[in-house]
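Welcome! Open your viewer, get comfortable, and let's take a short walk together.

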Amino acid sequence: MRFLIPAALLALTACTPEPAPVTGSLPFFGDGYRFKGDACRRLGESPETAEYLDHTADLVGCPEGLENLGVFVTDSGAQEVARQDGYILYSVPRG
């Protein structure tokens, strides 16, 4: 019976999501925006991003020197809203 409690705690810990990685003060999450592995990533809410969040768009951060950034902007309809910590922040309309 003593081994059931630690095993149950271990199982619960395995289901706990990892905290979102943060670069500088930007709260990035996900494995890439549009496709897994993309250099652009979605941003969550923080004091630095709160004014740019919109329920009709995704807030996305892309490295400033990213190759083919113009293609991303054209294809997605992204609009630049800020630059911070070496990233360009875009508002990308949903749907």
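Select Cys62 to begin: is Cys62 buried or exposed? Cys62 is buried, because its relative accessible area is 0%, and buried means under 20%. Keep in mind along the way that this is a predicted model.

Now add Cys40 to your selection. Cys40 and Cys62 form a disulfide, with their sulfur atoms 2.0 Å apart. Cys40 sits in the loop between strand S2 and strand S3, while Cys62 belongs to strand S4, so this pair links distant parts of the chain, 22 residues apart. Cys40 is buried too, at 4% relative accessibility. Look along the S-S bond: its torsion is about 115°, so the disulfide is right-handed. A search of the whole structure finds one disulfide, and you have just visited it.

Next, select Arg94 and Asp58. Their side chains meet in a salt bridge, 2.7 Å from N to O. Arg94 lies in the segment after S6 and Asp58 in strand S4, so the pair ties together parts 36 residues apart in sequence. Arg94 is partly exposed at 45%, whereas Asp58 is buried at 10%. Add Arg42 as well: Arg42, Asp58 and Arg94 are linked in a network of salt bridges.

Stay with Asp58 for a moment and select Ser91 in strand S6. Ser91 touches several residues, including Asp58, Ala57 and Gly77. Ser91 is buried, at 15% relative accessibility.

For the last stop, select Arg83. Which side chain meets Arg83 in a salt bridge of 3.6 Å, N to O? That is Glu64. Arg83 also forms a salt bridge with Glu80, the closest N and O atoms being 2.8 Å apart.

Terms used
Residues are numbered from 1 along each chain as its sequence is written. This is a predicted model: local features need pLDDT of at least 70, side-chain atom pairs count only at pLDDT 80 or more; totals for chains, interfaces and linings use all residues. Side-chain values use heavy atoms; hydrogens and water are left out. A disulfide is a pair of cysteine sulfur atoms within 2.5 Å. Helices (H or I, at least four residues) and strands (E, at least two) are DSSP runs, numbered from the N terminus. Buried means under 20% relative accessible area, exposed over 50%, partly exposed in between (1.4 Å probe, protein chains only). Contact means heavy atoms within 4.5 Å. A salt bridge is a side-chain nitrogen of Lys or Arg within 4 Å of a carboxyl oxygen of Asp or Glu. Lists of a residue's contacts leave out its neighbours within four places in sequence.
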